[in-house]
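Hi everyone, thanks for coming. I'd like to walk you through one model today, so please have a look at it while I talk.

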Amino acid sequence: MRNWLPLAQQIAFGWDTNIALCSFVALSFLFGEGANPWFLCIAGIAAYLPDLDLIPFLLLRKKMRIAGHWVFGHYPIIILPLEVTTVGIIALTTCRHHALFLISLVLVCTIAHFVHDAAARSHGFHLLAPFTRDGQLRFTLASPTDLWVHYTVSWTGVKEAPKEDVQRLYETSLQRAQTYDNYSEIMSRVEAVSLSQVTTFGLGTLGLVALVICNGSGPGCN
Ligand SMILES: [Zn+2]
């Protein structure tokens, strides 16, 4: 029987949700904004935005032999300017007084998603993709074992990830993408909720309550 509960728990308390919640609270205080629930939703969308490339990945992975979903949505150099331009145009036309806050909010949430991808595992993340190892611009759906430099991010700084870990990532991902059904492919990425995630969620929620008490729920875009 299929059990989606671990996925629901990870969406509720996972790091991307915590990124959205904590960034929203911190930036709202910084910009003197109220706790506008629509802006919190925008933070959530921005924190999960890169992972939307899971959809084409799940649809095309077997036919096109794609190793993982870190394709278009996980190219920071492409996604971040696109995001700023899109949010900037929409905010300036519909919500002008909050435009700078909204642009900062989505940028922080999406950058934090990439930093978390680079911090979570020893194989790191291709922070400079789609620029290749030799400085060329290249888009590919194939398994790019030696195309990108992967970096790991930690409290001590940014380092190049060990090549053998990157190689293993693409090999196991490709094997999985060819054999797993969609349910197994999704659930293989879901981990149990950790104490640090729940703690961060609790602190973020306390911050949200403090924001409502101090700044109210905000005037919206009127
Ligand atoms: Zn990601």
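Let me start with a question: are H5 and H6 roughly parallel or roughly antiparallel to each other? Before I answer, a word on what you are looking at. This is a predicted model, in which local features need pLDDT of at least 70 and side-chain atom pairs count only at pLDDT 80 or more, while totals for chains, interfaces and linings use all residues. Residues are numbered from 1 along each chain as its sequence is written.

Here pLDDT is the predictor's confidence in each residue, from 0 to 100. The protein chain averages 93, and 99% of the residues score at least 70. Among the elements of the chain, helix H2 (residues 15-31) has the highest mean pLDDT, at 98, and H4 the lowest, at 89. Helices are DSSP runs of H or I with at least four residues, strands are runs of E with at least two, and both are numbered from the N terminus.

Back to my question. H5 and H6 pack at an angle of about 160°, with their axes 9 Å apart, and they are therefore roughly antiparallel to each other. The axes are lines fitted to C-alpha atoms, for helices over the stretch in contact, and angles run from 0 to 180 degrees between N-to-C directions. Under 35 degrees counts as roughly parallel, over 145 as roughly antiparallel, 65 to 115 as roughly perpendicular and the rest as oblique.

H5 passes H6 in a right-handed crossing, where the near helix is turned clockwise from the far one by less than a right angle; anticlockwise would be left-handed. On the H5 side the contact includes Pro76, Ile79 and Leu80, and on the H6 side Ala99, Leu102 and Phe114 are among the residues. Contact means C-beta atoms, placed from the backbone, within 7 Å. By class, this contact has 13 nonpolar, 2 polar and 1 charged residues. Nonpolar covers Ala, Val, Leu, Ile, Met, Phe, Trp, Tyr, Cys and Pro; Asp, Glu, Lys and Arg are charged, and the others, Gly among them, are polar.

Let's stay with proline 76, which lies in helix H5. It counts as buried because it has 23 C-beta neighbours inside 10 Å; the cut-offs are 20 or more other C-beta atoms within 10 Å for buried, 12 or fewer for exposed, and in between for partly exposed. Proline 76 touches Phe114 and Leu127, leaving aside residues up to four places away in sequence. Its C-alpha atom is 7.5 Å from that of phenylalanine 114, although the two are 38 residues apart along the chain.

H6 has another partner. The axes of H6 and helix H3 (residues 37-48) come within 7 Å and cross at roughly 35°, and this crossing is right-handed. Phe39 and Ile42 of H3 take part, as do Leu105 and Cys109 of H6, among others. The residues here divide into 10 nonpolar, 2 polar and no charged.

Finally, two backbone details. Most residues other than glycine have a negative phi, and most peptide bonds are trans. Arginine 65 has a positive phi, near 50°, and sits in the loop between helix H4 (54-64) and helix H5 (76-94). A cis peptide bond joins alanine 129 and proline 130, with omega about 10°. Proline 130 is in the loop between helix H6 (99-120) and strand S1 (151-154).

Definitions and conventions. Contact = placed C-beta atoms within 7 Å.
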